[in-house]
Structure formats: structure tokens, C-alpha cells
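Student: I would like to learn how to read a sheet and the helices around it. Could you take me through a case?

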Amino acid sequence: MNHRDLTILVIDENAIRASIIEAGLRDAGHSRVSVVHDVHGVGRVIERLQPDVIVIDLENPNRDLLESMFQLSRSVKRPIAMFVDRSDSSMIEAAIDAGVSAYVVDGLRQERVKPILDMAISRFNAFSRMERELADARSELADRKVIDRAKGILMNSRGIGEEEAYKLLRTTAMNQNRKIAEIAQSLVLAAGLLEDL
């Protein structure tokens with residue numbers, strides 16, 4: 001998606017500061033910018049607008065407000081750039097844990113909005129890619145484990161070698177137009193049921 005086609009939601013209780021962010025975004029060529037001044041009920045606004053990116057500006061955030069914004073960050077799975085006037089190391093750590101893509105302390109200036117937004121999108125995409133790769137690796141590892149268990153069952157029950165057991169799983173998978181891991185899972189489940197009888 002072209003960065004200029006993005007739908008951007010700005011959450012800021014301060015109208016003057018929100019206008020600085022909005023001006024920075026419009027200067028950068030973004031035309032689909034919505035501004036919300038009330039942080040309460042912002043979840044419904046996000047659901048309705050389905051923004052591609054969220055920019056949150058918190059002038060003097062208290063811990064409760066920050067925590068609710070971090071909670072929001074965890075749930076929306078979108079790039080989030082957060083501007084705050086002051087922070088401490090525990091808040092920065094909490095922002096990172098919550099998945100905030102860019103956490104900017106005392107840096108709200110119109111000309112900085114675009115590069116920070118671009119960085120937030122890039123970081124979010126990189127993090128999402130890493131999460132997907134990790135999930136794929138975990139799934140692959142789980143598949144390998146179940147295939148190994150199924151091979152063991154076949155080797156014991158049929159008195160065959162590992163290679164032959166794998167060939168049998170692969171042939172069955174091809175004949176049924178299923179994945180080897182699915183066939184292996186079915187075999188492991190069936191063997192478990194037979195043991196219980």
C-alpha cells in the first residue's frame with residue numbers, strides 16, 4: 001500500500017497539538033486523517049474507521065491513561081506512533097512491550113511527524129514479519145515432532161525402518177491429498193485411542 005493512501009487516526013485530547021500532527025501529516029501528502037479528542041470510547045472509533053496507522057499524543061499522561069493506551073496498542077495490531085511530553089524508563093519499556101512502534105518523548109514538531117510515522121510503519125512491518133516467522137517456525141517444529149512420533153508408531157507396529165515409515169506417511173498423505181503432518185497427527189491420535197482401550 002502506498003503510504004499516502006493510508007487512513008490515519010490521531011488521538012489527542014489537546015486540539016492545538018492535534019492540529020500540529022494533522023498539519024504535519026497533510027504536509028506529507030496524507031489526506032485521510034481523522035482526529036479524536038476524547039480518549040474514552042476510542043476502541044469503537046477504531047472499529048468504525050479501521051485506520052491503517054494510529055498516532056497518539058499524550059501531553060501529560062498519567063499512568064492509568066498510559067496503561068489504557070498500551071492496552072489499546074496490544075489489541076489493535078496496527079502501527080502506533082505515540083508522542084508523550086515526559087516519560088521514564090519503565091514507561092518506555094511498557095510501550096515497547098505493548099507493541100508501540102514509535103514512542104517519542106518531547107518531540108512533537110510538525111516537521112518530525114512524517115519521518116516518525118514512516119519509522120512506526122517500518123518497525124511494525126518488521127515486527128509483524130518476525131512474529132509470522134516465529135509462528136511458522138513453531139508450527140514447523142510441532143509438525144516435525146508429530147511426524148517423528150508417527151514414524152515411531154509405524155516402526156514399532158510394522159517392524160519397519162525410519163525411512164520406510166516416512167515413505168508410508170508421505171504416500172498416504174499424497175493419496176488423501178493432505179499434509180504429512182495431518183496424517184501423522186491422525187495416526188498419533190488413533191494410536192492414543194487404541195492404547196486407552
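Tutor: We will go through the sheet, its helices and then one loop residue, bearing in mind that this is a predicted model.

Student: In what order do the strands of the open sheet lie, and with what pairing?

Tutor: The order is read across the sheet rather than along the chain, and here the 5 strands run S2-S1-S3-S4-S5 with parallel pairing. Strand S2 (32–36) and strand S5 (102–105) each have a single partner strand, so they stand at the edges and one side of each is left without a neighbour in the sheet. From one strand to the next, the twist averages 15 degrees.

Student: How many bridges join strand S1 and strand S3?

Tutor: Strand S1 (residues 7–12) pairs with strand S3 (residues 53–58) over 5 bridges, in the parallel sense, and Val10 has Val55 in S3 as its bridge partner.

Student: Which strands do helix H2 and helix H5 touch?

Tutor: Helix H2 (residues 42–49) packs on the sheet against S1, S2 and S3, with its direction at about 170 degrees to that of S1. Helix H5 (residues 110–158) also packs on the sheet, where it touches S1, S3, strand S4 (80–84) and S5, and its direction makes about 145 degrees with that of S5.

Student: Is Asp106 buried or exposed?

Tutor: Asp106, which lies in the loop between S5 and H5, counts as exposed because its relative accessibility is 59%, and the cut-off for exposed is over 50%. Leaving aside residues up to four places away in sequence, Asp106 touches Val84 and Asp85.

How values were computed: Residues are numbered from 1 along each chain as its sequence is written. This is a predicted model: local features need pLDDT of at least 70, side-chain atom pairs count only at pLDDT 80 or more; totals for chains, interfaces and linings use all residues. Side-chain values use heavy atoms; hydrogens and water are left out. Two strands pair if DSSP finds at least two bridges between them. Helices (H or I, at least four residues) and strands (E, at least two) are DSSP runs, numbered from the N terminus. Axes are lines fitted to C-alpha atoms, for helices over the stretch in contact, and angles run from 0 to 180 degrees between N-to-C directions. Contact means heavy atoms within 4.5 Å. Buried means under 20% relative accessible area, exposed over 50%, partly exposed in between (1.4 Å probe, protein chains only).
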